[in-house]
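Reader: I would like to learn how to read a model of this kind step by step. Could you show me the structure before we begin?

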Amino acid sequence: MSLYYRWKNFEEDEDRPEKPRRFGVTEMRGPNHTLLTQNALQDIFESMGQFVDGLKFSGGSHSLMPKSFLKQVIDMAHQHNVYVSTGDWAEHLIRKGPSAFKDYVECKQMGFDTIELNVTSLEVPEDTLLRYVRLIKGGGLKAKPQFDVKFNKSDIPIGGDRAFGAYVPPPPRSTELVEDVDLLIRRAERCLEAGADMIMIDADDLCKHADSVRADVIAKVIGRLGLEKTMFDASNARASEWFVRQYGPKVNLFVDHSQVMDLECLRGCNLGKNHNSVLGSSYFLF
């Protein structure tokens with residue numbers, strides 16, 4: 001075990017293995033909301049690289065970078081045993097025609113390791129989604145479909161693909177409408193059967209758009225898909241703390257680069273910032 005972990009107090013049966021890890025994965029947001037220079041990324045990798053498993057170029061930010069710079073960043077990540085994900089950009093390419101997605105899979109030549117598919121934004125039939133997963137796997141990359149649980153009434157689709165249109169009333173304390181998570185889970189299960197390596201769940205809506213954390217929805221997702229096969233987009237610091245406190249250090253989380261050290265402290269011995277004072281303990285009740 002690395003010297004990095006000697007200060008931690010993990011129980012012996014919960015100690016996190018060395019990278020590459022199958023659980024307790026921390027994926028970090030790359031350049032998107034903030035400008036991260038190559039030197040800034042290098043500082044993060046050199047100081048906290050042991051705690052970072054993946055780097056994700058969110059929002060198609062990699063499409064704006066010179067290929068030479070992008071290749072340098074990817075190579076730097078690989079030197080620290082950090083995989084690199086394209087983020088949710090595929091939905092912008094399929095508008096160019098069926099061949100565009102096949103060309104997108106060629107991003108492996110640049111060094112990318114994972115392609116993320118934002119299922120909600122793609123708006124494709126399930127057969128097409130599963131075909132994309134198989135194309136990604138056939139290209140030697142990892143596939144990570146991302147699913148959202150919606151809350152706004154304006155997001156409820158009218159007719160058509162009902163996999164994202166079956167909403168059920170939440171507990172009485174909330175006035176929001178929540179998507180029937182069973183439909184989402186069934187589609188995620190089929191993606192895993194088709195070869196997807198992990199399922200990303202956008203947890204921001206679960207943790208800030210309703211009157212309370214939908215712990216029942218999260219528990220059902222983890223119960224059906226498994227902790228190892230699920231990653232939660234918890235860029236909200238309060239949400240990442242909740243996940244670690246509820247599910248322990250083995251939960252897979254996607255966070256902002258500024259949260260990496262705080263998250264690792266939480267995984268180890270709960271030394272991270274306490275956000276409960278903002279939310280209140282009742283925020284986490286079923």
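Reader: Where is proline 20 found?

Author: Bear in mind that this is a predicted model. Proline 20 is found in the segment before strand 1, which spans 26–29, and the peptide bond that leads to proline 20 from lysine 19 is cis, with omega near 0 degrees.

Reader: Which value does phi of asparagine 81 take, and is asparagine 81 buried or partly exposed?

Author: Phi of asparagine 81 is near 60 degrees, a positive value in a residue other than glycine. Asparagine 81 sits in the loop that runs between helix 2 (67–79) and strand 3 (83–88), and because partly exposed covers what lies between the 20% and 50% cut-offs, asparagine 81 counts as partly exposed with its 40% relative accessibility.

Reader: And is glutamate 123 buried or exposed?

Author: Glutamate 123 is exposed, because its relative accessible area is 70%, and exposed begins over 50%. This residue lies in the loop between helix 5 (119–122) and helix 6 (126–138), and its phi, near 55 degrees, is likewise positive in a residue other than glycine.

Reader: In what order do the 8 strands close into a barrel?

Author: The order is 1-2-3-4-5-8-9-10, with parallel pairing. On average, neighbouring strands of this sheet are turned by 25 degrees against each other, direction ignored. As one case, strand 1 pairs with strand 2 (residues 54–56) in the parallel sense over 3 bridges, and arginine 29 stands opposite lysine 56 in strand 2.

Reader: Which strands does helix 9 touch?

Author: Helix 9 (residues 215–225) packs on the sheet and touches strand 8 (199–202) and strand 9 (230–233), while its direction makes about 155 degrees with that of strand 9.

Notes
Residues numbered from 1 in each chain as written. Predicted model: local features only at pLDDT ≥ 70, side-chain atom pairs only at ≥ 80, totals over all residues. Heavy atoms only, no water. Helix = DSSP H or I, 4+ residues; strand = E, 2+ residues; numbered from the N terminus. Buried < 20%, exposed > 50% of the residue type's maximum accessible area, 1.4 Å probe, protein only. Pairing = 2+ DSSP bridges. Axes fitted to C-alpha atoms, helices over the stretch in contact; angles between N-to-C directions. Contact = heavy atoms within 4.5 Å.
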